[in-house]
Amino acid sequence: MTAVLELRGASKVFPGVRALDDVSLRVDRNEVVGLIGENGAGKSTLLKVLTGIYRLDGGELFVNGEETVLRNPRDAFDKGVAMVFQEQSVIPTLSVAENIFLGREREFLKAGFIDKRAMNRAARIELDKVHLAIDPATKCSALGFAARQMVEIAKALSLDGRIEGDTVILLDEPTSVLERREVELLFEIVRELKSRASIVFISHRLDEVLDVSDRIYVMRDGKVVHEAPTATATMHDLHEHMVGRQLDHQYYREGRQRTEPGPVVMRVRDLSLKGRYRDISFDLAEGEILGLAGVVGSGREALARTLAGLSPPDKGTVEISGRRAQLGKPRGAVRAGFGFIPSERKTEGMVAGLTVAENMTLAAPGQFDSYGFIRFKAERAEARRWIDRLRIRTPSTDTPMQSLSGGNQQKVVLAKWRIVGSRVAILDHPTRGIDVGAKEDVYELIRDMAQEGIAVILLGDTLEEVIGLSSRILVLRDGAISARVEAPAGGKPDQIALIENMV
Amino acid sequence: MKERIRDLVPVAALFLLVFGIAGYSPGFMRPDNLLTLTADTMTLFLMASGVTFVIMLGSIDLSIQGVASMTSCIVAAMLPEYGALALAVALAAGALSGLASGLVVNYLRIPSFVATLAVGGIVTSVAYWASDTRSVYISQEDQDAWLDWATGNFLGIDNEIWTGLVALVLLTVLLSFTRFGRMVRAVGSQERAVIASGIDVDRVKLAAFVLSGFMAGLAGVVMGARLGSGSPTLANEFLLPAIACVIVGGTAITGGVGAVWKTFVGALIVAVVRIGMTFVGVTVFAQQIVFGLVLVLAVAITMDRSKVATVK
């Protein structure tokens, strides 16, 4: 039997990263395939290849037995591969019917005008397939999350009648915005769909994948590391395959981890933000590295942004050195002593159009100017000092930030907060988009910061990174702290133990 | 290096235009003619110099021609009775309208083009009110007594030119050597990173709009002084050329990149193009067409497309 969709030896390379490394995967007719892996394992890249957003650098892609190149999402859709996006792509100002047939209006033309009644009638048929009893003329803005998701699925299913071969529907984390009851409904539909289409189900919730799929692929570091029919898979096995290699102690400079905690520098009490996180309380000591673990939507990103002053809390208090921090604005957070290294370096971390020195002193008004006039000599001298200290590779202090590599840009962002004298550094995915060598440099610098008494809150790119660097870990699930785990050097906790508290 | 070259393109274009016209009409290169041309350009430059800061933020100020007309009316109407105070009131009114634009942008979170369009409407009404909807003439005595700094001459050079040069120097210092100037550049380049660094971005924007309003107000006063009258429509037809000056000089409409001297060069280019068109025989009515085309072309060249995902 030919597979509906198949990848053979697929690879995709980005500067410094092999995002997909010799990946082979097949989806058979009327099959539900589960795809799991940690953040950064390569799931997203794989999806982007299957929907024509990325082209493969090596290997082959077969759709309905024919080798093919998918040029763009539209092309993929026309060939029978439809994606239901994680961030929904339903356009709220259009009606349900208009969304379902977006880009296919031509099929409903009557004397040059769109025949809305015909379109609504056709949409009715598609909606019936997903048991969605809403009027096709409803504006999508009037629908809830779950209904919008169903509209997307209906849109994907509308392929059915149009193409010759079989349809493959890619569901990317479809349950993350759904309530329990809606998840049940979705699963029911997925099972029903099996008679007409094949489905790839991507999720980080193992229980769901086990529940709904026929066969499971596990990805790690851009490779498929495990493949098994669901009937023989167990939660524990899958965990192990997801996590993989044993911790490399040297990689994370564990030897430099501080053993005795310093005095408490920061106290968080009952911090809550509706819909994001609730009742968060913890203390943080000088020189301590506190890891925050949790899946997307667990509230850890939102918590980090709150401490950075970018998303004010509803209630609760944060104190640094006994003084209450005003977190309504980033300015308050900076004054209180927070330094935020955001995951979106290029939009929130640095100003691409400014020079290295200018970026370094960006957050320090008054330190390098008198009466508003910049003291260029003092500024350059300070910049040079930090370029040496953090081993930043740049031709000069006046080099435009945009011409530096990702790792060196990140070091400049770190220097910015060192110059301000931040007491607590919030590192949100500090090694994202940085190549392997530079990552180790960043780990070294994080250890340096801790040695010098700066408290660090770390949201790692991988769980391994969090465990390797932190001396204590808070696990978040659905917005609340679900576990507090000590992670002393030499006594690091098991990843599986953490994951169990995450999902 | 590449940036250096791009910086110099407007300068090269200016020289080409000047020599081109000189070839057509040798009299053009006479020093007194060039000086007159420069003096004529200065009101345009004054208007464009302030808005340079706003454009570098990535915003726009469409109220400047209304503001300039308004201050010309205020000065003309108040000079006979209040003397120097009239000047102060006019300039303060300019700054105040900039403040209004800035406050609307910051607190109502309205795009600057809408906010300044609205403020432009309001100040035009103020101009009609101040002038009683007519042109208000400035008597020769008042002219001599209070506006000599704008219309007289010093060392054989018209005072407009001196005023323009002083503005050029002061604003260049402000943009290149002060923390404020750097923040303008930073906000225009990547506002979110500046906010995340704890900088009060609203204050930077407010100051830029105030500066733009003040300079437009100053331009209006000088314009009124030169023409010997204030009028609610005095600066009409100036908005398009003023924005053109900024962009043609090499300041990007997307923000982050630019300089006051570039606007100075841009103003001279616009002036020379205007003269050139007269030489070649393009009617006054068609000249706005050329400015429109030049503006679109300059934006197309200087715009940073990596910054805008979609164009609306």
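Q: Why is D40(B) called partly exposed?
A: D40(B) has a relative accessible area of 41%. Buried means under 20%, exposed over 50% and partly exposed in between, with a 1.4 Å probe and protein chains only. So 41% puts D40(B) in the partly exposed class. One caveat: this is a predicted model, where local features need pLDDT of at least 70, side-chain atom pairs count only at pLDDT 80 or more, and totals for chains, interfaces and linings use all residues. As for bookkeeping, residues are numbered from 1 along each chain as its sequence is written, chains are lettered from A and ligands numbered from 1 in the order in which they are written, and side-chain values use heavy atoms, leaving out hydrogens and water.

Q: What makes R226(B) and D40(B) a salt bridge?
A: The N to O distance is 2.4 Å. A salt bridge needs a side-chain nitrogen of Lys or Arg within 4 Å of a carboxyl oxygen of Asp or Glu, so this Arg–Asp pair qualifies. R226(B) sits in helix α10 (residues 201–227) of chain B and D40(B) in helix α2 of chain B, so the bridge ties together parts 186 residues apart in sequence. Helices here are DSSP runs (H or I, at least four residues), numbered from the N terminus.

Q: Which residue forms a salt bridge with R226(B) at 2.3 Å?
A: That's E160(B), with 2.3 Å between the closest N and O atoms. E160(B) belongs to helix α8 (residues 159–177) of chain B, 66 residues away from R226(B). E160(B) comes out buried at 4% relative accessibility, whereas R226(B), at 32%, is partly exposed.

Q: How do you know that α2(B) and α10(B) are roughly antiparallel?
A: Their axes come within 7 Å and cross at roughly 170°. Axes are lines fitted to C-alpha atoms, for helices over the stretch in contact, with angles from 0 to 180 degrees between N-to-C directions. Over 145 counts as roughly antiparallel, under 35 as roughly parallel, 65 to 115 as roughly perpendicular and the rest as oblique. Roughly 170° is over 145, so α2(B) and α10(B) earn the antiparallel label. Contact means heavy atoms within 4.5 Å, and the residues involved include L46(B) and F53(B) of α2(B), and F209(B) and M215(B) of α10(B). The contact residues divide into 15 nonpolar, four polar and two charged.

Q: What makes α2(B) mostly covered, and where does this helix bend?
A: Of the 26 residues in α2(B), 19 are buried. The helix spans residues 31–56 of chain B and bends by about 35° at M42(B), comparing axes fitted to the seven residues ending there and the seven starting there. Just after α2(B), G58(B) has a positive phi of about 95°.

Q: How do you know that E358(A) and R185(B) form a salt bridge?
A: Their closest N and O atoms are 2.5 Å apart, which is within the 4 Å limit. This pair crosses between chains, going from helix α12 (residues 356–360) of chain A to helix α9 (residues 179–196) of chain B. E358(A) is buried at 9%, while R185(B), at 21%, is partly exposed.

Q: Why is N99(A) called buried?
A: N99(A), found in helix α3 (residues 96–100) of chain A, has a relative accessible area of 2%, so N99(A) falls under the 20% cut-off. Leaving aside neighbours within four places in sequence, N99(A) contacts V90(A), I91(A), L94(A), C140(A), V151(A) and K155(A).

Technical notes: Helices (H or I, at least four residues) and strands (E, at least two) are DSSP runs, numbered from the N terminus. Ala, Val, Leu, Ile, Met, Phe, Trp, Tyr, Cys and Pro count as nonpolar, Asp, Glu, Lys and Arg as charged, and the others, Gly among them, as polar.
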